[in-house]
Amino acid sequence: MVEALHPKRVPGLLGGIFFFCTLLLVLWSVSGWTYKRGMHDLAKLGGARLELYRNYLQGVLEKYESLPELLAIDNKLVRALLNPHEDKRIETLNRYLETINGVSHTRDTYLMNKDGLTIAASNWKERHPFIGRNFSFRPYFKEAMKGHLGRYFALGSTSSKRGYYFAYPVRKDDKILGAVVIKINIDSVEEQWGDHNEALLVSDPDGVIFITTNPDWRYKTLKPIDSETLERIAESRRYPEASLRPLTKSKVSALKKFQIIEVEATQNSKKKKRMLKQSYSMPQAGWHVHILSDTGVVKRRVLVINILVGTGLTLIFILVVLLHQRQQRLAEIKRMEEVTKRSLQESNELLESRVEDRTLKLTESNQLLRQEILDRKQAEIKLKRTRKELIHAAKLAALGQMSAGINHELNQPLAAIRSYADNGKLFLEKGRFEETRWNLEQIGELTERMAQIGIQLKVFSKKSSGQIVAVPFHGVIDGALEILKPSLKKAAVELIIEVQPKDIEVKGNHILLQQVLVNLVTNAMQALEGYSEKIIWIECQESNESVILAVQDKGPGVAIQHRNDIFEPFYTTKKSGQGLGLGLTISARIVRDLGGRIRLVDVPVGTRFEFSLPRA
């Protein structure tokens, strides 16, 4: 075993160890050079961004620097300070300062007397104006009272909003009467300069960060602050309720040229992020501008370069190894060819035997398939014969439904004709010829209706709905009541009709709609038998492009077990001899052919059928 390992595997193992050591040395050198180069590039880019940011801030401040000085020479301010108790003058000055504030796009503009009391302000309309508040504790006021331009950044003691203040003395001759102050908004500075790989900071002379593109760092410090400085900041009320905690507690100096600090990646996070810190000062404003660039970009650059170099060297090593192995494999190929030939010969013999077995099984499967096809053809012939028998039975059932429907639909007109004939006979005996003629006319209309019913049942059997026109619903109700009047009177049923609007029209057939209404009212009358209070409602109202028609009674209602079957042919819950169970079936078919649908609606008491039709 030792003799087999020595000539082949030992040189390969030593070569691998040598390559691994060389690779580590090269990657270490490349990493150092790439890191230094990346830090130089990051510092160069950060310096350019920092210079641009400082110039931008300087421009924002210079834009408003001369504004308080210009306002200080305005006679309106001087007269207001000399006469602070003239309400009309102060009100005029408030409006003037409000106009100045709107034109110059400043946050606030206000005037203070020599004691620091605000007598006029642009925010005089707001809920918490500056008027009547004393800001003598502010450093900008103290500087203005010395005759200088006062500058100061702080949180508003009234509004708690950040702002930079400019204050300038207002004089009468050489006497300082007070100070005019403007407060500018610096929130837009943060909104326009945010970037995920860098953070821009502005700190005051005490190292407190008051402008930053990272909201979590606001009102933190770049270094720990002693207690005396904290007391001085608290007295000036510059940052009320701010914790002023240090942003970082440790510094890392990877390269002597650069200042690298560790900060928290996010608020309440223990994960640290290394950032390159570069700073510029703004002496006039008393600010220090900083940019923190994420060194993770450089680390990723080092990682990418290492991956590329390592991959390249590894590919070269693999190529050399492959060339060496190729020679060995060529020698093995010849040997493998002989082994393969023998294996192929054995496989061919095994395959031929499997093919014979498979062919035999396929032959048996084909025979079974032919027998199954023959069985299916015979079953299909039986199915066709059964289908013809079912069609014949359906035709017989349809004929039975049609004859029963004719009997059901003609019973009501025949009863009305009988009633009109009896009335006409009595009127004729009494010599009341006008009433006799009217009864004969009604008999004629009912016979016409019976003819129309026969035609409709014929149409029903052929699945046709007849001609559809615009039909006034009041005419439909009147026609149905002519048929039902004797029955309603005999049953002592009160009929309540509500149609809104009065001239509503639907798309349908006059005779067919009368038939539906007669069926529904007749069912309601039969449901009210035995009840003392017999009331039936007929309602009609518009709903978008449709018309909703409803018939409701206060009877016993439809039991739950019957609701799914009430529209089926010959299904009835009435007593024997009261109906064949075709009224609702025919009504549903008529409504469906007219383009609507009929349904049973749940109501607390009684039964309510609604059907919708297109509005004319």
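Modeller: A helix here is a DSSP run of H or I, at least four residues long. The model under discussion is predicted.

Biologist: Where does A492 sit relative to α10, and what is its phi?

Modeller: A492 comes just after α10. Its phi is positive, about 55 degrees.

Biologist: What makes L484 in helix α10 a kink?

Modeller: The bend is the angle between axes fitted to the seven residues ending there and the seven starting there. At L484 the kink is about 60 degrees. The proline P486 follows shortly after.

Biologist: Which residues of α10 are buried?

Modeller: F473, V476, I477, G479, A480, I483, L484 and L488. The cut-off is under 20% relative accessible area, so each of these falls below it. L484 is thus both the kink site and a buried residue.

Biologist: Why is T34 called buried?

Modeller: Its relative accessible area is 4%. Buried means under 20%, so T34 qualifies. T34 lies in helix α1, residues 2-65.

Biologist: Which residues is T34 in contact with, leaving aside its neighbours within four places in sequence?

Modeller: R301, V302 and I305. Contact needs heavy atoms within 4.5 Å, so each of these three has atoms in that range of T34.

Biologist: How do the axes of helix α3 and helix α4 cross?

Modeller: The axes of α3 (75-82) and α4 (87-104) come within 10 Å and cross at roughly 145 degrees. The crossing is left-handed. From α3, the contact uses K76, L77, R79 and A80. From α4, it uses R89, I90, L93 and Y96.

Biologist: How do the residues of that contact divide between nonpolar, polar and charged?

Modeller: 5 are nonpolar, 3 are charged and none is polar. Tyr counts as nonpolar, so Y96 belongs with the 5. Lys and Arg count as charged, so K76, R79 and R89 make up the 3.

Biologist: What is the order of the strands in the open sheet?

Modeller: The 5 strands run β2-β1-β5-β4-β3, with antiparallel pairing. The edge strands are β2 (118-121) and β3 (150-155), for each pairs on one side only. The twist averages 25 degrees from one strand to the next.

Biologist: How many bridges join strand β4 to strand β5?

Modeller: There are 9, between β4 (162-172) and β5 (175-184). Pairing needs at least two bridges, so these strands pair. Y165 stands opposite K183 in β5.

Biologist: Which strands does α4 lie across?

Modeller: β1 (108-113) and β2. The helix runs at about 55 degrees to β2. α4 thus meets α3 in a contact and also lies across two strands of the sheet.

Technical notes
Residues numbered from 1 in each chain as written. Predicted model: local features only at pLDDT ≥ 70, side-chain atom pairs only at ≥ 80, totals over all residues. Heavy atoms only, no water. Axes fitted to C-alpha atoms, helices over the stretch in contact; angles between N-to-C directions. Left-handed = near helix turned anticlockwise from the far one by under 90°. Buried < 20%, exposed > 50% of the residue type's maximum accessible area, 1.4 Å probe, protein only.
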